[in-house]
Amino acid sequence: MYGTGLLKGLGITLKHTFEREITQQYPEQMPVLPQRFRGSLQFKFEDCIACEMCTKACPNHVLSLESYRDEVTNKKKLLSYTIDFQYCMYCNFCVETCPKHCLSFDHNFELAAYSRDAIKKVYQRPQEMDAEPPAEIGVGGEQEVAAAAQQQRQITAMIGALQKNGPKVLNKFLENEQEAATLAKILAEDEKKLERMAALMVGDKEKAKTVAEALVKREKTKGDKKKEGDGVA
């Protein structure tokens, strides 16, 4: 019969006309989302161990981080963590890969911004995570941390050299081998003086020379006084 399809369609329309409305009036009314909906990626800074497994798992290079190695514990510490949402395709690979469960999706889908930089979300290391907070991380901050770590390694190496062959190392800062041997003996008997001298030799050679000469002179004065005392006796 001609017009059957039209009548069938009108019947369906009439049926739904008197049904309860299911349209959600967004943005006046926030939509009801499924439990597994992936909105905004969230990050727990305190739990991260800077293993970088999430950055390697991400196919679009959405995630990036900055870290440094603690010279005391020899463990990596996270400085900053960046999520660039403009490239995220919500594949969930990062969430599944993270061994410490630092990443998760919430239901916030309102991520629009006026500029590309505003889409990025940057987490900075909270100062309360360290007893002695690291230097403020900004432009060049990572280089400063690396330089400090390098200097500490040089000081440690200098301490080892002084303990192994002190007179030879100290001969560069004193006039003769006898004075170098005297200073080496002084440093071997006092660990604090040894560490301070090593730090000066790495960081300020002129001051190291002045301190070395002063220590030798003081030791020589003490020796002369002792000889005078023994002569009187």
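Is D70 buried or exposed? I started my notebook with this one, and D70 counts as buried, at 13% relative accessibility. The cut-off I used is that buried means under 20% relative accessible area. One thing to keep in mind for every entry: I am looking at a predicted model.

**Entry 1: around D70**

I looked up where D70 sits, and I found it in the loop between β2 (63-69) and β3. Next I checked what its side chain meets. D70 and K77 come together in a salt bridge, with 2.9 Å from N to O. I also found the pair listed as a polar contact between the two side chains, again at 2.9 Å. Then I looked at the partner: K77 has a relative accessible area of 21%, so it is partly exposed. I noted that this value falls in the class between buried, under 20%, and exposed, over 50%.

**Entry 2: the other salt bridge**

How many salt bridges does the structure hold? I got 2. Besides the D70 and K77 pair, I found K76 bridged to E52, where the closest N and O atoms are 2.9 Å apart. This pair links distant parts of the chain, as the two residues are 24 residues apart. I placed K76 in strand β3 (residues 76-84) and E52 in the loop between β1 (41-43) and α2 (53-57). For exposure, I wrote down K76 as partly exposed, because its relative accessible area is 30%. E52 is at 29% relative accessibility, so I put it down as partly exposed too.

**Entry 3: T55 and E52**

E52 turned up again when I looked at T55. I found T55 in helix α2, and its side chain reaches the backbone oxygen of E52 at 2.8 Å. T55 counts as buried because its relative accessibility is 16%.

**Entry 4: helix α6**

Why does the length of α6 agree with what I should expect for a helix? I worked with 13 residues, 177-189, at 1.5 Å a residue, which gives an expected span of 18 Å. The end C-alpha atoms are 19 Å apart, and that agrees.

Then I checked which residues of α6 are hidden, and I listed A180, L183, A184, I186 and L187 as buried. They cover an arc of only 160° around the axis, so they sit on the same side of α6. I turned the helix around as well: the face away from the buried side carries the exposed residues Q178, K185, A188 and E189.

What caps the N-terminal end of α6? I found N176 doing this, with a side-chain oxygen 3.2 Å from the backbone nitrogen of Q178.

**Entry 5: leucines on the surface**

I went looking for nonpolar surface and found a patch of about 330 Å² made by L6, L7 and L10. I followed up on L7, which is in helix α1 (residues 4-17). L7 is exposed, because its relative accessible area is 56% and the cut-off for exposed is over 50%.

**Entry 6: F105**

My last look-up was F105, in strand β4 (residues 103-105). Its relative accessible area is 17%, so I noted F105 as buried. I also checked its separation from A212: the two C-alpha atoms are 61 Å apart, and the residues are 107 apart along the chain.

How values were computed: Residues numbered from 1 in each chain as written. Predicted model: local features only at pLDDT ≥ 70, side-chain atom pairs only at ≥ 80, totals over all residues. Heavy atoms only, no water. Helix = DSSP H or I, 4+ residues; strand = E, 2+ residues; numbered from the N terminus. Expected span 1.5 Å × (residues − 1). Buried < 20%, exposed > 50% of the residue type's maximum accessible area, 1.4 Å probe, protein only. Arc of directions from axis to C-beta. Polar contact = N/O pair within 3.5 Å; in protein donor to acceptor, adjacent residues only side chain to side chain. Salt bridge = Lys/Arg side-chain N within 4 Å of Asp/Glu carboxyl O. Patch = residues over 30% accessible without salt bridge, like charges linked within 9 Å, V, L, I, M, F, W, Y side chains within 5 Å. Areas by Shrake-Rupley, 256 points an atom, 1.4 Å probe, with all protein chains shown as cover.
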